[in-house]
Amino acid sequence: MDKITAMPPVLEVRDYSLDYRTHAGPFSALKHINLEIARGEVLGLVGESGSGKTSLVWSIMRYLPGNAWEKSGAIRLSGEELGDKSEREMRAIRGRRMSMVFQDPSTSLNPTLSLGRQLSEVLVHRPGRRPKPGSIRSGSRRRS
Ligand SMILES: Nc1ncnc2c1ncn2[C@@H]1O[C@H](COP(=O)(O)OP(=O)(O)OP(=O)(O)O)[C@@H](O)[C@H]1O
Ligand SMILES: [Mg+2]
């Protein structure tokens, strides 16, 4: 195997299954999901409402609701198993190596601030690194 093929995917989901515990019994939201995203690749996930898109992304981010029950599988970021990470370790990964723009960006992003300001905020609140002044630019400007 050469070096390129030996490189693990940036994101890999393997045989991942997730149930939600409900009053009516377990509900299988994700059944044996497999996907991988290589460096530089973009993946679009499409499905009807309720098919589990958000559940999968929350699983990847390790934002699992209390009634979620992971039945099988693995989620790996550059080969590292995220299921083995503590919440503290995940906090260091979120915003630095993976992040999520929540559904309906008109409510998850603030329309009165430029995108650059909102993105740089993540870096400012992250210990260890600060963006250089002017290093993040966006075409979107605050409307007056
Ligand atoms: N915490 C929960 N407890 C029980 N059931 C849940 C929970 N969260 C989601 N579900 C159910 O799991 C299924 C998948 O929901 P999910 O929100 O992941 O779908 P989606 O593909 O993102 O839908 P949409 O396109 O409407 O955003 C749905 O049937 C939903 O009702
Ligand atoms: Mg959704």
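In the predicted model, strand β3, spanning residues 68-77, pairs with β4 in the antiparallel sense over two bridges. Within this pair, R76 is placed opposite E81 of β4. The two strands form a hairpin with two residues between them, and in this hairpin S78 adopts a positive phi near 45°.

The pair belongs to an open sheet of four strands, ordered β2-β1-β3-β4 and with antiparallel pairing. The edge positions are taken by β2 (25-37) and β4 (80-81), each of which pairs on one side only. In general, the strands of a sheet pair through backbone hydrogen bonds, in either a parallel or an antiparallel sense. Strands β1 and β2 run antiparallel and are joined by nine bridges; in this pairing R21 stands opposite P26 in β2. A hairpin of two residues connects β1 to β2. Strands β1 and β3 are likewise antiparallel, with eight bridges between them, and L18 lies opposite E70 in β3.

The chain as a whole contains five helices and four strands. Read from the N terminus, the elements follow the order α-β-β-α-β-β-α-α-α. Of the 144 residues of the chain, 6% count as buried. Among contacts with a separation of 6 or more, 52% are accounted for by residues 24 or more positions apart.

The largest nonpolar core consists of six residues, namely V13, Y16, L18, L30, L56 and I75. Strand β1 gives the most to this core, contributing three residues. Nonpolar side chains tend to be buried together in soluble globular proteins. One member of the core, I75, touches V13, Y16, S59, I60, L82 and G83, when residues up to four places away in sequence are not counted. The core member L18 is also the residue that stands opposite E70 in β3.

Ligand 1 is surrounded by 14 residues, the closest being Y20, S49, K53, T54 and S55. By class, the residues of this shell divide into nine polar, four nonpolar and one charged. At least two residues of the shell are supplied by each of β1 (11-22), β2 and α2 (53-61). Helix α2 gives the most, with three residues. Two of the elements that supply the shell, β1 and β2, are thus named also in the sheet order β2-β1-β3-β4.

Two further residues are notable for their backbone conformation. Most residues other than glycine have a negative phi. D15, although not a glycine, has a positive phi of about 50°. This residue is located in strand β1, and D15 counts as exposed because 12 other C-beta atoms lie within 10 Å, the class being assigned at 12 or fewer. R62, also a residue other than glycine, has a positive phi near 65°. Its place is the loop between α2 and β3. R62 has 18 C-beta neighbours inside 10 Å and therefore counts as partly exposed, since burial requires 20 or more.

Conventions:
Residues are numbered from 1 along each chain as its sequence is written. Chains are lettered from A and ligands numbered from 1 in the order in which they are written. This is a predicted model: local features need pLDDT of at least 70, side-chain atom pairs count only at pLDDT 80 or more; totals for chains, interfaces and linings use all residues. Two strands pair if DSSP finds at least two bridges between them. A residue is near a molecule or strand if its C-beta atom, placed from the backbone, lies within 6 Å of it. Ala, Val, Leu, Ile, Met, Phe, Trp, Tyr, Cys and Pro count as nonpolar, Asp, Glu, Lys and Arg as charged, and the others, Gly among them, as polar. A nonpolar core is a set of buried Ala, Val, Leu, Ile, Met, Phe, Trp, Tyr and Cys residues joined through C-beta atoms within 7 Å. Two residues are in contact if their C-beta atoms, placed from the backbone, lie within 7 Å.
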